[in-house]
Structures are given as C-alpha cells and as structure tokens.
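Q: Please take one part of this model and look at it closely. Which residues and elements shape it, and what do the surrounding chains look like?

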Amino acid sequence: MERKNLKNKTKNELIELLLSIEEKYADSNAYAAELVSEIHEKNTKLNEAQNELLKSERLRVLNSMIVTYNHEFRNPLAIAMGSLELYTKDKNIKRFEILQISLQRIESLVEKIDELAKNDVSFVNYTDHVEMIDLGKR
Amino acid sequence: MQTSKRTILIVDDEVDLAEIMCFIFEQGGFNVEYAYNGDTAYNKFKSSKIDAVVTDVRMPKVSGIDLLKHIKKENPSYPPIFLITGFSDINEEEAKKYGASGLFKKPAKFDLLVEKVANEINQYKNK
C-alpha cells in the first residue's frame, strides 16, 4: 500500500513537472517572439537613424561645398573679370598677366575639388557657424 | 554726376582686386586711397579725409564688418561704407543694420558700384 502511494506521488510529481516545463516552454516561445519583434523594431529604427545621418552628412558636404565655391572662386573670378574690363578701357597688355594668374588659380581649385571625389573631405570653420571644405591641405 | 575731389578708401586683402577697384574708381573721377587689411584701412581713415569706404568683408584679423563697426562707432552717419563680399556672411538687410550703405557680391558690376558710391556721397553732401 505504501509502495502504491509512493508510486502515485511520483507519478503526480512527474505530471506537475511536465506541465511546468510545458508552461515554461510556452512562456519562452512568447518571450522569444517578443524579443524577435523588439530586435526587428530596433533594427528598423537603427536603419532609419543611419539613413538620416547619411543624409545629414551629405547635406553638410553639399553646404560646405557651396561655401567653398563662393569663398574660393569669387575672388579670382572677380579679378579675371575686372582685368578684362580694364583691358577694354586701357588696352594694357599687362592685364592679361593678371587674368592668366586668376584663371590658373581657378584651374588649381578645380583640380583640388576633383581630388575630393577620390579622398575623404575635411572641414574648416569659415565662420563660427559655417563650415567649408578644407582645400588648403591638398 | 559730381565725383571730383571725392576720396574713396578701397580695402581688400586681394591685392589685384584692390588695384582693379582703385583703377575703376580713379577712372570714375575719385581720389583713391587703398589698404590691404582692416588695420591699415582704419589708420588711413583716421589720418585722411575719406568720403566713402568700399571694403571686402572677409579679411584676416580685422574684417570688413569690424572696420565698419569701428568707423560707425565714431560717426554713425558718415562716411558711407559699402561692403563687398565673396561669400554672403551677411545679407544686405543685416549689412544695413550695421550701418553699411550697400552690399555687393563679387564679382561686382564695377560701373554700378561706382555709380552707387557717387550717388551715396552726393546724398550725404546734400543733406
């Protein structure tokens, strides 16, 4: 009799254990699904953030490029145009020397900017809040 | 347009451009003083009788805006000062708030610049 009781007790304990395992398994499945969903959501947000960062970095380069263009090109361009204008007034052949130097400055800038496509760009502050591409180090 | 005996101070650290502007203004009938930086420009302004200033904005040490502020601090109404800039550090509205009479972008139309400066000087003189 005692042995039969012991057998029943063990059987009940086994059933409880099995039920407990089954319950935990179901819980862990739900937890795993929850984790997968969370990872997916975080991955999507990370991708969005990376895209935003890339977009913002491209805009930064574009803005700096515009500042660089304005700053670096306008002076030699003004000198070149001014020299031509002066030549029409005084026909002084020396105006062409200055014109040539200005055009060479522009040519050199174009070459430096061409190099940008092959290398990483670096920035320098143009004003406190405005950056330009650093062409000086090239 | 009366521009004779009026003296204009040209300020630009781009020497060739300063010389071009000097020539253009001389052709327009002005006496011309020039400086290649803001410091020298301010000293020339203090020691000469200047009727108008045309200055580059971006120059090492003393910028065109600094020069404008120094001059206008002493006399807000005279002389007229024109800014000329390669890159728009400021727009025309902001330049006028500082007391500038005008803002020109490089490459400027020199004839228009000379005309504006002459008109501005005449307006001041007729006040």
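A: What follows takes up the second largest pocket, then the two chains, then a few backbone details.

The model is predicted, so local features need pLDDT of at least 70 and side-chain atom pairs count only at pLDDT 80 or more, while totals for chains, interfaces and linings use all residues. Residues are numbered from 1 along each chain as its sequence is written, chains are lettered from A and ligands numbered from 1 in the order in which they are written, and side-chain values use heavy atoms, without hydrogens or water.

Start with the pocket. The second largest pocket holds about 210 Å³ of space. (A pocket is an open set of points on a 1 Å grid over the protein atoms alone, where a 1.4 Å probe fits, with protein on both sides within 12 Å along at least five of seven lines; lining residues have an atom within 4 Å of a point. Points are joined across faces, edges and corners, and the volume is the space filled by probe spheres set on them.)

Its lining has 17 residues. Nearest the centre are His71(A), Glu72(A), Asn75(A), Arg105(A) and Glu14(B). Two elements give two or more residues to the lining: helix H1 (2–90) and helix H2 (94–116), both of chain A. (Helices are DSSP runs of H or I with at least four residues, strands are E runs of at least two, and both are numbered from the N terminus.) H1(A) gives the most, with four residues. By class, the lining has eight charged, five nonpolar and four polar residues. (Nonpolar means Ala, Val, Leu, Ile, Met, Phe, Trp, Tyr, Cys and Pro; charged means Asp, Glu, Lys and Arg; the others, Gly among them, are polar.)

Now chain A. It has two helices and two strands, in the order α-α-β-β. Its radius of gyration is 37 Å, well over the 14 Å of the globule rule for 138 residues, so chain A is more spread out than a compact globule. (The radius is taken over C-alpha atoms; the rule is 2.2 Å times the number of residues to the power 0.38.) The C-alpha atoms of chain A fill a box of roughly 130 × 20 × 20 Å along the principal axes. Of its 138 residues, 19% are buried. (Buried is under 20% relative accessible area, exposed is over 50%, and partly exposed lies in between, with a 1.4 Å probe and protein chains only.) The accessible surface of chain A is about 10,800 Å², with 57% from carbon and sulfur atoms. (Areas come from the Shrake-Rupley method with a 1.4 Å probe; for residues, only the protein chains shown count as cover.) Among chain A contacts between residues at least 6 apart in sequence, 49% join residues at least 24 apart. (Contact means heavy atoms within 4.5 Å.)

Turn to chain B. Five helices and five strands make up its secondary structure. The pattern along the sequence is β-α-β-α-β-α-β-α-β-α. With a radius of gyration of 13 Å, close to the 14 Å of the globule rule for 127 residues, chain B is as compact as a globular protein of that length. Its C-alpha box is roughly 35 × 30 × 30 Å along the principal axes. Of the 127 residues, 54% count as buried. Chain B exposes about 6,100 Å², and carbon and sulfur supply 46% of it. For contacts at least 6 apart in sequence, 64% join residues at least 24 apart.

Next, Lys106(B). Lys106(B) lies in the loop between S5 and H5 of chain B. It is buried, with a relative accessible area of 1%. Beyond neighbours within four places in sequence, Lys106(B) contacts Arg74(A), Asn75(A) and Ala78(A) in chain A, and Asp12(B), Leu17(B), Asp56(B), Ile84(B), Thr85(B) and Gly86(B) in chain B. Asn75(A) is also one of the pocket residues nearest the centre. Lys106(B) and Glu120(B) are 14 residues apart in sequence and 20 Å apart in space, C-alpha to C-alpha.

Last, the backbone. Most residues other than glycine have a negative phi, and most peptide bonds are trans. The bond from Lys106(B) to Pro107(B) is cis, with omega near -5°. Another cis bond joins Tyr78(B) and Pro79(B), with omega about 0°. Pro79(B) sits in the loop between helix H3 (64–74) and strand S4 (81–85) of chain B. Lys91(A), in the loop between H1 and H2 of chain A, has a positive phi of about 50°. Lys91(A) is exposed, at 54% relative accessible area. Lys61(B) has a positive phi near 65°. Lys61(B) lies in the loop between strand S3 (52–56) and H3 of chain B, and is exposed at 80%.
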